[in-house]
Amino acid sequence: MPVPLAPYPSPPLPLTTPANGSQSQLVCSACRNLLLYPVGATSVCCAVCNAVTAVPPPGTEMAQLVCGGCHTLLMYIRGATSVQCSCCHTINLALEANQVAHVNCGSCRMLLMYQYGARSVKCAVCQFITSVGASTSAAEQKFNI
């Protein structure tokens with residue numbers, strides 16, 4: 001007996017946008033997927049996990065940082081002093097660009113970021129402590145944080 005063929009699937013419908021075409025994006029507060037939403041929406045329901053994420057008020061400047069615990073990209077309202085990761089619950093210090101400096105690790109050469117005024121910074125890769133302030137001896141670099 002012949003098997004009936006299913007009709008060829010129709011092409012997907014184009015993404016519908018508001019008349020002015022303006023959309024914005026934010027990260028789902030639960031699963032971290034990128035969500036697109038029309039400007040003017042007050043909240044967005046994630047199609048993947050069904051979590052509802054509040055949309056920040058219009059004109060709110062957003063910033064990003066990488067979680068120190070699980071390396072997930074986090075979005076937060078610019079000016080916040082700390083950001084808690086929704087994946088691993090690590091509380092991350094949120095510094096503005098003018099509050100941080102960079103130095104290469106004295107051992108593995110990994111680029112490290114630290115707060116201005118710090119005397120040293122510990123590498124998360126090799127655990128070496130690099131002096132960034134006044135000069136210290138190699139013994140102090142090995143045992144001080």
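**Close-up views of the predicted model**

**View 1. Met113 and its contacts.** Beyond the neighbours within four places in sequence, Met113 is in contact with Val100, Ala101, His102 and Val121. This is a predicted model, and the views that follow should be read with that in mind. Met113 belongs to strand E10. Is Met113 buried or exposed? Met113 counts as exposed because its relative accessible area is 55%, and the cut-off for that class is over 50%. Across from Met113, Cys123 sits 10 residues away along the chain, with 9.5 Å between the two C-alpha atoms. Met113 will return in the view of the largest pocket, where it is listed among the residues closest to the centre.

**View 2. Met110, in the loop leading to E10.** Met110 lies in the loop between strand E9 (100-104) and E10. With neighbours up to four places away in sequence set aside, the contacts of Met110 are Val103, Asn104, Cys105, Cys123 and Val125. The C-alpha atom of Met110 is 9.2 Å from that of Ala124, a residue 14 places away along the chain. Which accessibility class does Met110 fall into? Its relative accessibility is 39%, so Met110 is partly exposed; that class covers values between the 20% and 50% cut-offs.

**View 3. The largest pocket.** This pocket has a volume of about 820 Å³. Its lining holds 25 residues, and the closest to the pocket centre are Val66, Gly68, Leu93, Met113 and Tyr114. Which elements give two or more residues to this lining? They are strand E5 (62-66), strand E8 (91-93), strand E10 (111-115) and strand E11 (120-122). The largest share comes from E10, with five residues, and E10 is also the strand that holds Met113 from the opening view. By class, the lining divides into 17 nonpolar residues, five polar and three charged.

**View 4. The second largest pocket.** About 300 Å³ of space lies in this pocket. Of the 16 lining residues, Val27, Ser29, Thr53, Met62 and Met75 come closest to the centre. At least two lining residues are supplied by each of strand E1 (23-27), strand E4 (52-54), strand E6 (73-77) and strand E7 (82-84). Which strand gives the most to this lining? That is E6, with four residues. The lining is made up of 11 nonpolar residues, four polar and one charged.

**View 5. Thr53, one of the residues closest to the centre of the second largest pocket****.** Thr53 is placed in strand E4. Is Thr53 buried or exposed? Its relative accessible area is 7%, so Thr53 is buried; the cut-off for this class is under 20%. A polar atom of the Thr53 side chain lies 3.0 Å from the backbone nitrogen of Ser29. Ser29 also appears with Thr53 in the list of residues closest to the centre of the second largest pocket. Residues up to four places away in sequence aside, Thr53 touches Leu26, Val27, Cys28, Ser29, Leu35, Ser43 and Val44.

**View 6. Two loop residues with positive phi: Asn50** **and His89****.** Most residues other than glycine have a negative phi, so these two deserve a look of their own. Asn50 has a phi near 65°. Where is Asn50 found? Asn50 is in the loop between strand E3 (43-45) and E4, and Asn50 is exposed, with a relative accessible area of 55%. His89, which is not a glycine either, has a positive phi of about 70°. The loop that holds His89 runs between E7 and E8, and His89 is exposed, at 53% relative accessible area.

**View 7. Stepping back to the whole chain.** How many helices and strands does the protein chain have? There are one helix and 12 strands. From the N terminus on, the order is β-β-β-β-β-β-β-β-β-β-β-β-α. The protein chain has 145 residues, and buried residues make up 21% of them. Among contacts in the chain with a separation of 6 or more, 14% join residues 24 or more positions apart. The chain exposes about 10,500 Å², with 59% of that area supplied by carbon and sulfur atoms.

Key
Residues numbered from 1 in each chain as written. Predicted model: local features only at pLDDT ≥ 70, side-chain atom pairs only at ≥ 80, totals over all residues. Heavy atoms only, no water. 1 Å grid on protein atoms, 1.4 Å probe; cavity = no way out; pocket = protein on both sides within 12 Å on 5 of 7 lines; lining within 4 Å. Points joined across faces, edges and corners; volume = space filled by probe spheres on them. Nonpolar A, V, L, I, M, F, W, Y, C, P; charged D, E, K, R; others polar. Buried < 20%, exposed > 50% of the residue type's maximum accessible area, 1.4 Å probe, protein only. Polar contact = N/O pair within 3.5 Å; in protein donor to acceptor, adjacent residues only side chain to side chain. Contact = heavy atoms within 4.5 Å. Areas by Shrake-Rupley, 256 points an atom, 1.4 Å probe, with all protein chains shown as cover.
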